Amino acid sequence: MSDPLAEIVSLLKPAPSIAKLVTAGGTWLVERRDLGSPFYCAIVEGHCLLTINDRVPIRLAAGDFVLVPQIHTLTMSSLMPPPRGTLPQRLETSPGVFRLGNPEAAAEVTAMVGHCTFTGNDQQLLSSLLPGIVHVQDDSSLTDLVRMIHAETVSMLAARDMILTRLLEVLFIAALRSASNTTTSPGLLRGLADSRLAPALRRIHRDPAGEVSVEILAEATGMSRSAFFDRFRQQMGVRPMEYVTNWRMALAKDMLRRREAPLVEIAARVGYASASAFNVAFARYVGMTPGAFARSC
């Protein structure tokens, strides 16, 4: 049986970037803009506020974990933050360990935060499949994974990057599995949690080159065409055939990056009868021909 969630994470290829242990006391605020990279955070002790992409602030407590696959602006602060524009108090006390706020104040918050990159980055894939924010409460296994990532980041031991890559993949899968389908935004998690839609999603992933239409997918779910179409769009945030195209093009991009096969074979693997038809579809979707894309990688 195909596993769409594992395939998505594998295709995105999360890679290590930054991991920090942060303590804070008194009133404090940290703001970052134009980050453009995935962010995760595990609160070990205390409480703080987290604002992502100008959304409503989230109050985080010990045991909370947050994953944001796409982030542009981020603000973390004490529950009573200082006035905006106040110069941040930030001190690196040792490699990868930071103190925020008045260094004379008692530490009230301990958090492990990190950024990573998607080496298989695909903006359309991200926006159509992953939730905007994953917020998981009281899951010690996620905190343990983040602690392992931080320890490995500062270790400088042999094969560190390989271990970090595997840990990040596990962290992403565990976080996405832990997210409640009632609290995540439309996307793959809600689709897989929907017992009526899951068979259609698995069919798409099991045979991306196979014949697919709204009628065929609706039949796999035992629903009428219109009911399936409406339910898919509501739960996934995209139309069924838009999702099929997104997934096929993501697979094609990955194969082109790795120079895995000739163009005509890649076309066949993602459901196109000829290289010319694939060329047209790929150029319309990506904005350049498959050959130009491969050369740019």
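**Exercise 1: α6 against α9**

α6 passes α9 in a right-handed crossing (right-handed: the near helix is turned clockwise from the far one by less than a right angle; left-handed: anticlockwise). The model is a predicted one, so local features need pLDDT of at least 70 and side-chain atom pairs 80 or more, while totals for chains, interfaces and linings use all residues. Residues are numbered from 1 along each chain as its sequence is written, and side-chain values use heavy atoms, with hydrogens and water left out.

Task: At what angle do the axes of α6 and α9 cross, and which residues meet?

Solution.
- Step 1: Find the two helices, α6 at residues 198-206 and α9 at residues 240-257 (helices are DSSP runs of H or I with at least four residues, strands are E runs with at least two, numbered from the N terminus).
- Step 2: Take the axes, which come within 10 Å and cross at roughly 35 degrees (axes are lines fitted to C-alpha atoms, for helices over the stretch in contact; angles run from 0 to 180 degrees between N-to-C directions).
- Step 3: List the contact: Leu-201, Ile-204 and His-205 of α6 meet Tyr-243, Val-244 and Trp-247 of α9 (contact: heavy atoms within 4.5 Å).
- Step 4: Sort that contact by class, and you get five nonpolar residues, one polar and no charged (nonpolar: Ala, Val, Leu, Ile, Met, Phe, Trp, Tyr, Cys and Pro; charged: Asp, Glu, Lys and Arg; polar: the others, Gly among them).

**Exercise 2: α7 and α8**

Task: How are α7 and α8 oriented to each other?

Solution.
- Step 1: α7 covers residues 214-221 and α8 residues 225-236, and their axes come within 9 Å and cross at roughly 90 degrees.
- Step 2: The pair is therefore roughly perpendicular (angles of 65 to 115 degrees; under 35 is roughly parallel, over 145 roughly antiparallel, the rest oblique).
- Step 3: From α7, the contact takes Val-214, Glu-215, Leu-217, Ala-218 and Thr-221; from α8, it takes Arg-225, Phe-228 and Phe-229.
- Step 4: Those residues split into five nonpolar, one polar and two charged.

**Exercise 3: α1, α4 and Ser-10**

Task: Which residues join α1 to α4, and is Ser-10 buried, partly exposed or exposed?

Solution.
- Step 1: α1 and α4 (residues 160-178) pack with their axes 10 Å apart, at about 140 degrees.
- Step 2: That angle makes α1 oblique to α4, and the crossing of α1 past α4 is right-handed.
- Step 3: Leu-5, Ala-6 and Val-9 in α1 touch Glu-169, Phe-172, Ile-173, Leu-176 and Arg-177 in α4.
- Step 4: The class count for this contact is six nonpolar, no polar and two charged.
- Step 5: Now for Ser-10, which sits in α1 (residues 4-12).
- Step 6: Ser-10 counts as partly exposed because its relative accessibility is 44% (buried is under 20% relative accessible area, exposed over 50%, partly exposed in between, with a 1.4 Å probe and protein chains only).
- Step 7: Its C-alpha atom is 19 Å from that of Ala-179, 169 residues apart along the chain.

**Exercise 4: the seven-strand sheet**

Task: In what order do the seven strands of the open sheet run, and which stand at the edges?

Solution.
- Step 1: The order is β8-β9-β1-β10-β3-β6-β11, with mixed pairing (two strands pair if DSSP finds at least two bridges between them).
- Step 2: β8 (90-94) and β11 are the edges; each has a single partner strand, so one side of each lacks a neighbour in the sheet.
- Step 3: Direction ignored, neighbouring strands are turned by 20 degrees against each other on average.
- Step 4: β8 runs antiparallel to β9 (residues 97-101), joined by four bridges, with Glu-92 opposite Phe-98 in β9.
- Step 5: β3 (residues 39-45) is joined to β6 by four bridges, antiparallel; Phe-39 has Val-68 as its bridge partner in β6.
- Step 6: β6 also pairs with β11 (residues 134-136), antiparallel over three bridges, and there Phe-65 partners Val-136.
- Step 7: In β6 (residues 65-68), Phe-65 and Leu-67 point one way, Val-66 and Val-68 the other way, and all are buried.
- Step 8: α4 lies across β1 (14-25), β3, β6, β10 (109-118) and β11, at about 75 degrees to β1.

**Exercise 5: the four-strand sheet**

Task: Which strands are the edges of the four-strand sheet?

Solution.
- Step 1: The open sheet runs β2-β7-β4-β5, with antiparallel pairing.
- Step 2: β2 (29-33) and β5 (58-61) are at the edges, each with a single partner strand, so one side of each has no neighbour in the sheet.
- Step 3: From one strand to the next, the twist averages 20 degrees.
- Step 4: Four bridges link β4 (residues 47-52) to β5, and Leu-49 has Arg-59 as its bridge partner in β5.
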